[in-house]
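Please open the structure in a viewer and keep the selection panel at hand. The tour below proceeds from one chain to the interface.

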Amino acid sequence: MAESPAYTDYHPRWLRRRLSTYWWLEKPSYLAFVLREGSCLFVGWFVVYLLLLMRGVLQGDAAYQEFLAWSARPSVLVLNIISFLFLVYHAITFFDAAPRALSIHVGKTRVPEWIVGASHYAAWVVASALVCWLVLGS
Amino acid sequence: MRDHIKVQVARYLPEKQSEQTFDEHEVPCPKDWVILDGLNYIKDRIDGTLAYRWSCRMGICGSCGMTVNGEPKLTCATFLADYGPGPVRIEPLRNFPIIRDLIVDIGDFMRKLVSVKPYIVRKYEKPLREGEYIQTPQELDEYKQFSMCINCMLCYSACPVYGLDPKFIGPAAIALAQRYNLDNRDEGAAQRMEVLSEHAGMWGCTFVGECTKVCPKHVDPAGAIQRYKLTGAIESMKAFFMPRGA
């Protein structure tokens with residue numbers, strides 16, 4: 001067996017084609033996949049943003065006001081809006097994928113995939129409602 | 001409806017050319033003709049040198065997989081009339097070396113398939129006099145979907161991970177490993193996990209999901225791989241927290 005499956009010994013005349021660098025532009029579904037993977041960067045950015053917010057809060061009122069002023073900059077605002085959209089996309093694609101990975105059994109019966117998917121969305125709604133209550137209710 | 005359709009067929013004659021070319025033919029297009037009928041028409045009536053694989057022409061043997069207008073398809077189950085007014089472009093399966101015209105080398109897939117032991121593995125075979133291994137319909141349902149795979153390799157053709165890294169063991173091999181892991185008569189899950197937990201095994205999959213979309217038998221290899229990853233992660237955690245076994 002050849003070291004790399006792409007090359008097979010003793011068959012120099014076989015036509016071996018490389019995948020284009022731009023393979024992800026060939027089909028909408030490939031592009032959707034690459035955007036899904038890329039959305040992780042925006043998830044990472046929101047983690048950093050949350051840490052910056054915590055630092056501002058912990059360092060006192062002046063630092064917090066400075067953080068708010070920095071957050072209100074158009075560039076930061078645009079970045080956060082784009083990040084939010086990617087985060088929603090990330091969540092939806094994750095929730096759509098989850099039922100296919102989770103095979104949950106109750107007794108000997110497998111729980112239908114739509115119930116697994118729906119429970120993820122339900123948990124999302126409950127968590128969002130809790131956050132809204134904490135932020136807006138106080 | 002038009003009675004003929006234009007078909008562009010990829011040609012590669014290794015003794016004459018170093019790049020792929022396309023031949024264009026007009027073939028009849030009755031509503032019950034599949035792509036394979038069109039190819040047979042070309043071979044019988046127009047150009048007998050065209051090379052391609054086929055056998056059962058009923059979606060069982062998995063030999064006639066090709067790329068039709070950019071999508072991996074079983075040519076015996078894809079109607080010509082659906083591509084009207086044409087042209088229809090027929091190419092070999094992607095991500096495999098092309099031997100000639102529409103024929104690709106499937107050796108890599110065959111080696112990978114064997115490596116996951118796609119058969120029932122028993123630690124001890126019980127004596128014949130004790131009878132058959134009993135299985136309930138519910139136990140059958142656990143793996144039945146994955147057992148529908150016909151090894152047509154459309155999933156490998158659609159998988160960009162396999163295209164980028166040919167060492168990746170690939171969707172069908174993992175789905176078939178899962179088929180036997182989920183079979184209550186089988187005891188070979190640990191042996192398969194050794195092969196599939198390697199870097200080029202299940203962790204190579206990034207869940208593009210195209211394998212499931214193109215599968216003509218609705219096997220859902222992508223789902224099988226994600227479930228396998230979950231099993232692999234749980235096994236690793238168990239080994240970490242309970243090194244002497246649960």
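Two residues are in contact if their C-beta atoms, placed from the backbone, lie within 7 Å. This is a predicted model, in which local features need pLDDT of at least 70 and side-chain atom pairs count only at pLDDT 80 or more, while totals for chains, interfaces and linings use all residues. Residues are numbered from 1 along each chain as its sequence is written, and chains are lettered from A and ligands numbered from 1 in the order in which they are written.

Select chain A. Among its contacts between residues at least 6 apart in sequence, 37% join residues at least 24 apart. Colour chain A by secondary structure: four helices and two strands appear, in the order α-α-α-β-β-α from the N terminus. Helices (H or I, at least four residues) and strands (E, at least two) are DSSP runs, numbered from the N terminus.

Next, display the C-alpha trace of chain A, which spans about 75 × 50 × 25 Å along its principal axes. The radius of gyration of chain A is 23 Å, whereas a compact globule of 138 residues would have one near 14 Å; the value is taken over C-alpha atoms, and the globule rule is 2.2 Å times the number of residues to the power 0.38.

Now add chain B. Here 25 residues of chain B are in contact with 20 residues of chain A. On the side of chain B that touches chain A, at least two residues each come from β6 (98–100), α2 (107–115), α5 (160–164) and α9 (221–241) of chain B. Select α9(B) last: it supplies the largest share of that side, five residues.
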